[in-house]
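I opened this model to look up its charged and nonpolar surface patches, its ion pairing and a few side chains in its helices. My entries follow in the order in which I went through them.

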Amino acid sequence: MIKTLIGFAGTIIMIVLAMETPLVFFNVPSILIVFGLTVFGLLSSGRKIIDSVSVLFDKHADEEQLHDASDTFMYGGRLSMASGWVGVLIGLVLMLANLDDPAAVGPAMAVCLLTALYGTILKYFFFNPISDQLTDRGSALFNSRVHK
């Protein structure tokens, strides 16, 4: 668990360091689109989100719990990418609708690009590593049970 937390912290630090001005990458509409669609998509899927999060900290979770939690996080990653692409489309529509107003094109382009960035970061640096970790725990549990 400590390695995972260090990995997440390191990822965030590296992303922030790569940005010359991190506040430029903060866009409320993009955050609402990606995080909102991802969270509400998970809620509407009927998956046990709270159980999946609690399994992360449960050292005594069984194989089925680990599998279900891994599947939920993998699904969250797919939703985050889909949310990013929905944001790209929304941003493109906003850009095209405001071509006559150059001042409105920039914010629309920010929505377009940042939703793709947020969705990608969520999938590949949050959801996938957690899903992989849960899958590895389930495999280790299975192997220890089979080899007894």
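I began with the surface charge and found that Asp 51, Asp 62, Glu 64 and Asp 68 gather in a patch of negative charge. For such a patch I took residues with over 30% relative accessible area and no salt bridge, joining like charges within 9 Å and nonpolar side chains (Val, Leu, Ile, Met, Phe, Trp, Tyr) within 5 Å. Lys and Arg count as positive and Asp and Glu as negative, with His and the chain ends not counted, and each charge is placed at NZ of Lys, CZ of Arg, CG of Asp or CD of Glu. Areas come from the Shrake-Rupley method with a 1.4 Å probe, and for residues only the protein chains shown count as cover.

I note for the record that this is a predicted model, in which local features need pLDDT of at least 70 and side-chain atom pairs count only at pLDDT 80 or more, while totals for chains, interfaces and linings use all residues. Residues are numbered from 1 along each chain as its sequence is written, and side-chain values use heavy atoms, with hydrogens and water left out.

From the negative patch I followed Glu 64, which sits in helix α4 (residues 63-97); helices (H or I, at least four residues) and strands (E, at least two) are DSSP runs numbered from the N terminus. Glu 64 is exposed at a relative accessible area of 57%, where buried means under 20%, exposed over 50% and partly exposed in between (1.4 Å probe, protein chains only).

Next I looked for salt bridges (a side-chain nitrogen of Lys or Arg within 4 Å of a carboxyl oxygen of Asp or Glu), and the structure holds one. Arg 47 pairs in it with Asp 71, the closest N and O atoms being 2.7 Å apart. This pair links distant parts of the chain, since Arg 47 is in the loop between α2 (28-44) and α3 (49-57) and Asp 71 is in helix α4, 24 residues apart. Arg 47 is partly exposed at 25%, and Asp 71 is also partly exposed, at 33%.

I then turned to Ser 52 in helix α3, which is buried with a relative accessible area of 5%. Leaving aside neighbours within four places in sequence, Ser 52 is in contact (heavy atoms within 4.5 Å) with Asp 68, Ala 69, Thr 72 and Phe 73.

In helix α5 (residues 102-146) I checked Cys 112, which counts as buried at 9% relative accessibility. Beyond four places in sequence, Cys 112 contacts Gly 87, Val 88, Gly 91 and Leu 92; the C-alpha atoms of Cys 112 and Ile 90 are 6.8 Å apart, with their positions 22 residues apart in sequence.

Thr 115 also lies in helix α5, and I found this residue buried, with a relative accessible area of 0%. With residues up to four places away not counted, Thr 115 touches Ser 30, Ile 33, Val 34, Gly 84, Gly 87, Val 88 and Ala 110.

Last, I returned to the surface, where Leu 23, Phe 26, Val 28 and Leu 32 make a nonpolar patch of about 470 Å². Leu 32 belongs to helix α2 and is exposed at 58%. Val 39 is in helix α2 and counts as partly exposed at 43%.
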